[in-house]
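Me: I'm new to reading structures like this one. Could you walk me through some features, starting with how two helices cross?

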Amino acid sequence: MTTTTTTTAVDPFVHPALFYRGARQYLDGTVPFIREGLAAGEPVAVAVPPQNVELLRAELGEAASEVRFLDMTQAGRNPGRIIPGVLRAFADLHPAGRVRIIGEPIWAGRSATEYPACVQHEALINLAFSGRAVTILCPYDLDGLDPSVIAEAEMTHPVVMDGYGLRTSRVYAPERIIQDYNRPLPDPVDAAVLGFADGDLGRVRDFVVGHAASMGLSGERLEDLRLITSELAANSLDYGGGSGTVRIWAENGQVAVDVTDAGHILDPLAGRRPADPRQRGSRGLLVTNLLSDLVRIHTNQDGTTVRVYFST
């Protein structure tokens with residue numbers, strides 16, 4: 001399995017998918033990629049599930065100490081956190097020269113609720129890093145993932161590596177994925193509902209915190225949800241027509257909250273760019289992505305719903 005990943009005159013950003021079966025193919029596709037980067041003096045980060053972290057550490061030996069490893073099941077639990085909190089966080093530390101990253105955001109065990117956010121993330125990487133000297137290799141387990149996931153990986157990656165070598169994807173269309181997965185979110189069952197307008201932020205916070213606490217959320221996570229709810233409601237007042245609706249319910253062992261308003265998010269990377277601490281204005285979507293266990297968004301000219309999940 002070859003791992004050559006050349007740049008083009010059009011865009012220095014390189015984003016290959018690695019389709020693998022079993023540990024041997026995984027290592028054959030990732031270890032040379034890492035070693036080539038280290039030999040070229042390129043900073044290398046690896047954000048993959050913990051079992052693959054251990055595989056790579058063992059195979060790399062002493063060279064593992066030169067690589068930044070992250071457990072993607074924690075750092076990337078919310079796919080909306082991966083671009084600002086993992087990929088950009090590493091790449092921005094090394095603005096001069098090429099950076100290499102292995103990122104595995106989709107693994108067997110991701111839920112049907114999580115998957116749409118995962119595939120949207122993979123499509124948005126191409127926008128987030130366009131023009132940058134960064135290579136991000138994304139492994140996909142052919143044995144553990146549904147064929148539909150593999151098919152959509154070909155749409156979000158311009159280049160594919162597999163047992164036959166390196167090839168250009170003939171169906172690369174990240175914009176289509178972004179549009180197709182901007183879907184209305186299913187209505188919750190037995191949600192508590194509160195409408196709000198200007199002057200109601202305190203009432204919104206109390207409403208969400210009271211219900212979330214009764215569902216078993218506590219401590220720092222309850223405070224995180226309080227902050228997120230306040231930020232989202234404030235966004236509704238500032239940019240969503242001056243009013244909104246918040247709903248809260250229990251779903252599969254999680255507390256789910258969404259905020260709906262009349263606004264329309266036009267920037268597909270909203271909430272996924274690291275913010276300068278000196279920047280003025282709302283950073284509510286970034287805070288939401290960084291603190292939530294999962295974020296789902298549906299937006300169009302009729303309005304926007306931002307839905308967050310917190311495990312209890």
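Reply: Sure, and keep in mind that this is a predicted model. Look for the hand of the crossing to begin with: H9 and H10 cross in a left-handed way. The residues that make the contact are Arg-221, Asp-224, Leu-227, Ile-228, Glu-231, Leu-232 and Asn-235 on H9, with Gly-284, Leu-285, Val-287, Thr-288 and Leu-291 on H10. Sorted by class, that contact of H9 with H10 holds six nonpolar, three polar and three charged residues.

Me: What is the crossing angle of H9 and H10, and how do I read it?

Reply: The axes of H9 (residues 219–239) and H10 (residues 284–291) cross at roughly 155° and come within 9 Å. Angles over 145 degrees count as roughly antiparallel, so that is the word for how H9 and H10 run relative to each other.

Me: Now sheets. In what order do the seven strands of the open sheet lie?

Reply: Read across the sheet, not along the chain. Here the order is S3-S2-S4-S5-S1-S6-S7, with mixed pairing. The edges are S3 (68–71) and S7 (165–168), each of which pairs on one side only. From one strand to the next, the twist averages 20°.

Me: How many bridges join S6 to S7?

Reply: Four, and S6 (residues 159–162) and S7 run antiparallel. To find one of them, go to Val-159, whose bridge partner in S7 is Thr-168.

Me: Which strands does helix H2 touch?

Reply: H2 (residues 50–60) packs on the sheet against S1 (16–20), S2 (44–48) and S3, and its direction makes about 155° with that of S3. Helix H4 (residues 82–91) lies across S2, S3, S4 (99–103) and S5 (134–141), at about 160° to S4.

Me: What about aromatic pairs? How do I describe one?

Reply: You give the distance between the ring centres and the angle between the planes. A search of the whole structure turns up four such pairs. In one of them, Phe-13 and Phe-129 are stacked, at 5.6 Å centre to centre with 25° between the planes. Phe-13 sits in the segment before S1 and Phe-129 in the loop between H5 (115–128) and S5, so the pair ties together parts 116 residues apart in sequence.

Me: And what is the strand order in the open sheet of five strands?

Reply: S8-S9-S10-S12-S11, with antiparallel pairing. S8 (192–197) and S11 (294–300) are the edge strands. Seven bridges join S11 to S12 (residues 303–311), and Asn-300 stands opposite Gly-303 in S12. Helix H8 (residues 201–214) lies across S8, S9 (243–251) and S10 (254–261), running at about 165° to S8.

Note on methods
Residues numbered from 1 in each chain as written. Predicted model: local features only at pLDDT ≥ 70, side-chain atom pairs only at ≥ 80, totals over all residues. Heavy atoms only, no water. Axes fitted to C-alpha atoms, helices over the stretch in contact; angles between N-to-C directions. Helix = DSSP H or I, 4+ residues; strand = E, 2+ residues; numbered from the N terminus. Parallel < 35°, antiparallel > 145°, perpendicular 65-115°, else oblique. Left-handed = near helix turned anticlockwise from the far one by under 90°. Contact = heavy atoms within 4.5 Å. Nonpolar A, V, L, I, M, F, W, Y, C, P; charged D, E, K, R; others polar. Pairing = 2+ DSSP bridges. Phe/Tyr/Trp six-rings, centres within 6.5 Å; stacked < 30°, edge-to-face > 60°.
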